[in-house]
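Colleague: I am new to reading protein models, and I would like a close look at one single part of this one. Please take me through it slowly and explain each term as you go.

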Amino acid sequence: MRAKIVYFALAAVLVVYFVLVGSRGVMLIQQGTVVTVAFGLAVMILPFIGAWFLYRTTKFARDANRLARELEAEGGLPVDELVRTPGGRIDRDSADEVFARRKAETEEAPGDWRCWFRLAVAYHDARDTPRARKAMQRAIALHDGKQISALGA
């Protein structure tokens with residue numbers, strides 16, 4: 001719950017920032033000179049890029065949470081069997097062992113979104129965030145019945 005509160009607080013701050021930057025861009029455009037209009041248009045692009053990024057990130061999180069709820073209802077969420085250090089961090093060897101099992105499971109059933117979801121969790125536990133995100137995107141696409149171009153995470 002704490003993560004959601006932080007996320008929405010940061011999203012609200014970003015939206016305020018987008019409005020402020022956009023208003024500065026409008027003020028620059030209203031100056032009417034070639035240089036200020038060019039800068040104003042450049043500044044106006046930033047809030048649109050930020051809003052697009054915020055939308056995509058929020059959509060990804062909502063879709064991943066939807067899959068997690070469905071998998072939990074089926075009793076298929078991965079069990080936390082990782083060894084942790086005294087400080088609470090995941091032991092690297094333990095994460096690698098679980099990852100190897102999840103990867104083999106996914107290779108046996110590459111069309112099953114559940115396997116890709118569990119592989120994404122294993123990637124995350126192994127501290128490989130980019131691959132975790134790609135595996136989760138594949139799980140979402142498979143769940144939603146979208147066409148997938150290439151195999152692999």
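Modeller: Let's start with Arg101 and Glu97, which both sit in helix α3 (residues 92–108), 4 residues apart, or about one turn of the helix. Helices here are DSSP runs of H or I with at least four residues, numbered from the N terminus. Keep in mind that this is a predicted model: local features need pLDDT of at least 70, side-chain atom pairs count only at pLDDT 80 or more, and totals for chains, interfaces and linings use all residues. Residues are numbered from 1 along each chain as its sequence is written, and side-chain values use heavy atoms, with hydrogens and water left out.

Arg101 and Glu97 form a salt bridge, with their closest N and O atoms 3.3 Å apart. The term stands for a side-chain nitrogen of Lys or Arg within 4 Å of a carboxyl oxygen of Asp or Glu. Side chains of opposite charge can pair when their charged atoms come close. Arg101 has a relative accessible area of 37%, so this residue is partly exposed. In these terms, buried means under 20% relative accessible area, exposed means over 50%, and partly exposed is in between (1.4 Å probe, protein chains only).

Now look at another pair in the helix. Arg102 and Glu105 are 3 residues apart in α3, so about one helical turn separates them. Their side chains meet in a salt bridge at 3.6 Å, N to O. Arg102 counts as buried because its relative accessibility is 12%, while Glu105, at 23%, is partly exposed.

Glu105 has a further partner: Arg118 forms a salt bridge with Glu105, and here the closest N and O atoms are 2.9 Å apart. This pair links distant parts of the chain, as Arg118 belongs to helix α4 and Glu105 to helix α3, 13 residues apart. With 13% relative accessibility, Arg118 counts as buried. Through shared partners, salt bridges join Glu81, Glu97, Arg101, Arg102, Glu105 and Arg118 into one network. The structure as a whole holds 12 salt bridges.

Next, find Leu119, which is also placed in helix α4. At 3% relative accessibility, Leu119 is buried. Leaving aside residues up to four places away in sequence, Leu119 touches Phe99, Arg102, Lys103 and Thr106; contact means heavy atoms within 4.5 Å. So you meet Arg102 twice, once as a salt-bridge partner of Glu105 and once as a neighbour touched by Leu119. Ala61 is 58 residues from Leu119 along the chain, and their C-alpha atoms are separated by 17 Å.

Helix α4 (113–125) has company as well, since the buried residues of α5 pack against α4 and α2 (34–74). In α5, those buried residues are Ala132, Ala135, Met136, Arg138, Ala139, Ile140 and Ala141. You can also check the length of α5: its 15 residues (129–143), at 1.5 Å a residue, should span 21 Å, and the end C-alpha atoms are 21 Å apart, which agrees. The expected span is 1.5 Å times one less than the number of residues. After α5 comes Gly145, with a positive phi near 75°.

Methods: Helix = DSSP H or I, 4+ residues; strand = E, 2+ residues; numbered from the N terminus.
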